Amino acid sequence: MSVTVSPLLLALREGTRACHQGLEARLPFFSAGFDRAAYARLLAAYHGFHAPLDTLLAEYQTAERNKTPALSRDLGALAIDAQALPVCHALPRIDDEASALGVMYVLEGSTLGGQVLKRAMAERLGIDTDSGGAFLDIYGAQTGARWRSFLQRLAAADPQPAAQARTVAAAVATFTCFEQWLEARRVLVC
Ligand code: HEM
């Protein structure tokens, strides 16, 4: 299956490039002193964002794209009770297919970066799929195929400029809400 580069994908990349760079620079994965305890706190914060979003996205995507089960599994492996954790309430608005696609672009795209982080966390912290790293490799060998199938859905989206603008705005809002939530949970480096 080849990669489908649609105008909407290009608009999403353009519209969120600065968001990605800004958030990546503030995430602690590669910081000196980042240890298993800090990793566990970070994943707990991720859980607080992804759990309510999985619920909001339920009518737009199948459960195989849910992120919460892998995060709960990781937190269990790290001896944290996922049920007891706080959840984010300042979430991006999802009220139609166009806005859902923008949110999904961010969450699905992050599975690509997850491949880099999976290798880094294995090397630096000795964390693998069974010991807290399931979320970073959530789709495993299916990562590329799931991304390409999402890109096909983007390519088939409503081509009207207003709909495409709603998708990009929802993607930017997803990055912004996530960064603000992680900041409030005090897991960012700066
Ligand atoms: C330190 C943390 C991160 C690193 C090192 C990282 C790294 C990467 C890399 C290398 C890619 C390109 C993968 C490829 O082309 O095969 C990518 C793509 C992407 N990442 Fe990240 N990422 C990080 C965090 C995040 C987070 C937290 C999010 C959102 C919640 C995110 C959203 C995306 C998106 C949407 C794409 C897809 C871009 C596209 O191809 O259109 N990333 N990331």
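**Exercise 1. A patch at the surface**

Leu10 is placed in helix 1. Find which residues form a nonpolar patch on the surface with Leu10, and state whether Leu10 is buried, partly exposed or exposed.

*Before you start.* The model is a predicted one, in which local features need pLDDT of at least 70 and side-chain atom pairs count only at pLDDT 80 or more, while totals for chains, interfaces and linings use all residues. Residues are numbered from 1 along each chain as its sequence is written, and side-chain values use heavy atoms, with hydrogens and water left out.

*Solution.*
- Step 1: Fix the vocabulary. Helices (H or I, at least four residues) and strands (E, at least two) are DSSP runs, numbered from the N terminus. Buried means under 20% relative accessible area, exposed means over 50%, and partly exposed lies in between (1.4 Å probe, protein chains only).
- Step 2: Classify the residue. Leu10 has a relative accessible area of 47%, so Leu10 is partly exposed.
- Step 3: Name the partners. Val3 and Val5 join Leu10 in the patch, and together the three have about 260 Å² of accessible area. Patches take residues with over 30% relative accessible area and no salt bridge, joining like charges within 9 Å and nonpolar side chains (Val, Leu, Ile, Met, Phe, Trp, Tyr) within 5 Å. Areas come from the Shrake-Rupley method with a 1.4 Å probe; for residues, only the protein chains shown count as cover.

**Exercise 2. The iron atom**

Identify the protein donor of the ligand's iron atom and the helix that carries this donor.

*Solution.*
- Step 1: Look for donors, which are N, O and S atoms within 2.8 Å of the metal (3.2 Å for Na, K and Ca); water is not among the atoms, so sites may look incomplete.
- Step 2: The only protein donor is His20, through NE2, at 2.1 Å.
- Step 3: His20 sits in helix 1, which spans residues 7-26.

**Exercise 3. Inside the core**

Work out which residues touch the most other members of the largest nonpolar core, and which helix gives the largest share.

*Solution.*
- Step 1: A nonpolar core is a set of buried Ala, Val, Leu, Ile, Met, Phe, Trp, Tyr and Cys residues joined through side-chain atoms within 4.5 Å. In soluble globular proteins, nonpolar side chains tend to be buried together.
- Step 2: The largest core has 58 residues, and those touching the most other members are Phe29, Tyr39, Tyr46, Tyr105, Leu154 and Leu182.
- Step 3: Two or more residues come from each of helix 1, helix 2 (36-56), helix 3 (68-77), helix 4 (97-125), helix 5 (143-155) and helix 6 (161-184). Helix 4 gives the largest share, 11 residues.
- Step 4: Zoom in on Leu182. Not counting residues up to four places away in sequence, Leu182 touches Leu23, Leu27, Ala45, Tyr46, Val187 and Leu188. (Contact means heavy atoms within 4.5 Å.)

**Exercise 4. Leu43 and its neighbours**

Decide whether Leu43 is buried or exposed, and list its contacts beyond four places in sequence.

*Solution.*
- Step 1: Leu43 belongs to helix 2. Its relative accessible area is 2%, so Leu43 is buried.
- Step 2: Leaving aside neighbours within four places in sequence, Leu43 is in contact with Leu71, Asp74, Leu75, Leu78, Gly132 and Phe135.
- Step 3: Take Leu75 from that list. Leu43 and Leu75 are 32 residues apart in sequence, yet 7.2 Å apart in space, C-alpha to C-alpha.

**Exercise 5. Salt bridges across the chain**

Locate the partners of Arg166 and Glu97, and say how far apart each pair is in sequence.

*Solution.*
- Step 1: A salt bridge is a side-chain nitrogen of Lys or Arg within 4 Å of a carboxyl oxygen of Asp or Glu. The structure holds 11 of them.
- Step 2: Arg166 pairs with Asp96, with the closest N and O atoms 2.8 Å apart. This pair links distant parts of the chain, 70 residues apart: Arg166 is in helix 6 and Asp96 in the loop between helix 3 and helix 4.
- Step 3: Glu97 pairs with Arg153, with the closest N and O atoms 3.1 Å apart. Glu97 lies in helix 4 and Arg153 in helix 5, so this bridge ties together parts 56 residues apart in sequence.
- Step 4: Add one network of salt bridges, which links Arg26, Glu179 and Glu183.

**Exercise 6. Positive phi**

Find where Ala79 and Arg186 lie, and give the phi of each.

*Solution.*
- Step 1: Most residues other than glycine have a negative phi, and most peptide bonds are trans.
- Step 2: Ala79, in the loop between helix 3 and helix 4, has a positive phi of about 65 degrees. Ala79 counts as exposed, at 74% relative accessibility.
- Step 3: Arg186, in the segment after helix 6, has a positive phi near 60 degrees. Arg186 is exposed too, with a relative accessible area of 75%.
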